[in-house]
Every structure is written in structure tokens, then in C-alpha cells.
Amino acid sequence: MKHARIAFAVTAAALVLAGCSDADSPAPSASASTATSTISSGSGSADSSPTPEPAPTDASDKTSPASAGAKLTVTDIRTGRHENFDRVVYEMGGTGTPGWRVGYVDRAVQDGSGNDVAVAGGAILQVLIDGSAYPFDSGVEPYSGPNPVLAQPGGSVVEVNGSGVFEGVTQSFVGVAEPHTPFAVYALTNPTRLVVDVAR
């Protein structure tokens with residue numbers, strides 16, 4: 001009987017660990033700026049959690065500083081779907097933790113060139129990732145596409161366009177279906193990621 005109880009405990013622990021997948025990770029509250037957990041999978045893929053996570057409730061600009069000496073390069077961009085929000089993930093390689101300045105803009109204008117960027121959707125969320133570096137400074141292979149990254153139709157996120165670096169900042173635009181949709185921003189580790197959750 002003792003051996004049976006031990007075997008059951010080991011099996012239960014394995015199941016709990018297996019359940020900690022990207023799709024099951026809870027998002028922090030809208031006021032949180034950092035967290036450590038895992039996140040949703042593959043580019044353009046949708047996911048859902050077994051228990052609903054709260055939707056963001058605040059559409060105001062979000063900011064947080066990068067760590068001193070951060071040198072990060074975006075290596076992947078993914079989108080995912082949860083019951084109450086759509087998720088955009090910028091995975092990064094390099095050193096340090098990212099900072100961010102995220103908010104709605106009237107036009108998508110590329111830093112440096114001043115060129116307009118075509119972004120689908122009814123509103124544009126500009127994502128500026130501080131602590132960024134060119135690949136030759138970070139030693140990391142950069143994200144190479146597709147661009148834009150298309151989200152599943154019918155959600156709050158329509159697409160994600162761009163991940164160019166200019167003067168230590170990665171600039172990207174998220175096409176959102178409706179103006180003034182609440183969103184939350186936070187960082188995750190192992191690997192380093194910046195996450196933007198947009199309410200549905």
C-alpha cells in the first residue's frame with residue numbers, strides 16, 4: 001500500500017508539471033509589470049486555457065525601464081488566443097531584461113525613415129522594446145519572418161507588423177480590431193519574452 005501511495009504521488013506530480021504548458025500559464029494582473037512563467041506556442045497559433053484568465057481592463061499607455069546594459073534581439077513573434085484576450089509574444093535572445101513603452105498611436109510611422117507602415121485593423125498599438133540591440137551586438141540571430149504575423153480571424157489582435165531596431169529600441173505595431181481596447185504588458189523569463197495581452 002505504501003508503494004502504491006508513493007507511485008500515485010509521483011504520477012500526480014508529473015501530471016502537474018506537464019500541465020504547466022505555455023497555454024496554461026496565467027497572466028499577471030493588468031497592473032503587474034513582470035512575471036516568471038511560460039507562454040503560448042508557435043507563430044500564428046491559437047491557444048486556450050482550461051480556466052479563464054482575467055481580461056485586461058486599462059487602455060492607457062504602459063511603460064517600464066530595461067535593465068542596465070540590456071542587449072536583446074527579437075528572435076520570434078507569436079500570437080495566441082485565450083478566452084478573454086489575445087496574446088502577442090516577442091521572444092528575445094541576448095542579455096538583460098527588456099523595458100517597454102506601449103500605447104495606441106494614430107499612425108504607424110517607422111523610426112529612422114519616417115515611412116508609414118501599413119497595419120491592418122481598426123486601431124494601432126505601438127510596441128517599443130527598450131534594451132534592444134542589433135544582432136552583431138547581441139550575438140543573436142534576429143527574427144526573419146513572416147511579416148506581418150497574422151492572428152486568427154475574429155479576435156482582438158489582427159496582426160503584428162515589424163521588429164526593426166533603431167537606436168537601442170525595437171519598434172513593432174499590433175493591429176487591433178477596435179480602438180481603445182484594454183491591454184496589459186509584462187515580461188517573462190526562461191526564455192526572455194515581452195508579452196502584450198489585448199482584451200477580447
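Here are some short exercises on this predicted model, each with a worked solution.

A word on the ground rules: residues are numbered from 1 along each chain as its sequence is written. Local features need pLDDT of at least 70 and side-chain atom pairs count only at pLDDT 80 or more, while totals for chains, interfaces and linings use all residues, and side-chain values use heavy atoms, with hydrogens and water left out.

**Exercise 1. Get your bearings**

Task: Work out which elements the chain has, and what percentage of its residues is buried.

Solution:
- Start with the elements, which are DSSP runs numbered from the N terminus (helices are H or I with at least four residues, strands are E with at least two). You should find 2 helices and 10 strands.
- Now walk from the N terminus: the elements go α-β-β-β-β-β-α-β-β-β-β-β.
- Next comes burial. Buried means under 20% relative accessible area, exposed over 50%, and partly exposed in between (1.4 Å probe, protein chains only). Of the 200 residues, 42% are buried.
- For the outside, use accessible areas from the Shrake-Rupley method with a 1.4 Å probe, where for residues only the protein chains shown count as cover. The chain exposes about 9,700 Å², and carbon and sulfur atoms supply 57% of that.
- Finish with contacts (heavy atoms within 4.5 Å). Take those with a separation of 6 or more: 72% of them come from residues 24 or more positions apart.

**Exercise 2. Trace the open sheet**

Task: Find the order of the strands in the open sheet and name its edges.

Solution:
- Two strands pair if DSSP finds at least two bridges between them. Follow the pairs and you get 6 strands in the order β1-β4-β5-β8-β7-β6, with antiparallel pairing.
- The edges are β1 (62-64) and β6 (149-150), each pairing on one side only.
- Zoom in on β1: 3 bridges join β1 to β4, and Lys62 sits opposite Val102 in β4.

**Exercise 3. Look into the core**

Task: Pick out the residues that touch the most other members of the largest nonpolar core, then see which elements feed it.

Solution:
- A nonpolar core is a set of buried Ala, Val, Leu, Ile, Met, Phe, Trp, Tyr and Cys residues joined through side-chain atoms within 4.5 Å. The largest one has 26 residues, and Tyr90, Leu125, Val127, Val174, Leu194 and Val196 touch the most other members.
- Elements giving two or more residues include β2 (71-81), β3 (85-95), β5 (123-130) and β10 (192-199). The top contributor is β5, with 4 residues.
- Try Tyr90 up close. Leaving out residues up to four places away in sequence, its contacts include Val127, Val174, Leu194 and Val196.

**Exercise 4. Is β9 buried or exposed?**

Task: Check both faces of β9, then find its partner.

Solution:
- Count first: 6 of the 6 residues in β9 are buried.
- Split them by side. Phe183, Val185 and Ala187 cover one face, Ala184, Tyr186 and Leu188 the other, and all are buried.
- The partner is β10, joined to β9 by 6 bridges in an antiparallel arrangement. Val185 stands opposite Val196 in β10.
- The two strands form a hairpin with 3 residues between them, and Asn190 in the turn has a positive phi of about 55 degrees.

**Exercise 5. Chase the salt bridges**

Task: Find which parts of the chain the Asp197–Arg87 and Arg101–Asp130 pairs tie together.

Solution:
- A salt bridge is a side-chain nitrogen of Lys or Arg within 4 Å of a carboxyl oxygen of Asp or Glu. The structure has 9 of them.
- Asp197 and Arg87 meet at 2.8 Å, N to O. Asp197 is in β10 and Arg87 in β3, so this pair ties together parts 110 residues apart in sequence.
- Both Asp197 and Arg87 are buried, and they belong to a salt-bridge network with Glu53.
- Arg101 and Asp130 come within 2.7 Å at their closest N and O atoms. Arg101 lies in β4 and Asp130 in β5, so the pair links parts 29 residues apart in sequence.
- Compare their cover: Arg101 is partly exposed at 36% relative accessible area, whereas Asp130 is buried at 17%.
- One more to look up: Asp86 and Arg81 meet at 3.4 Å, N to O, and both are buried.
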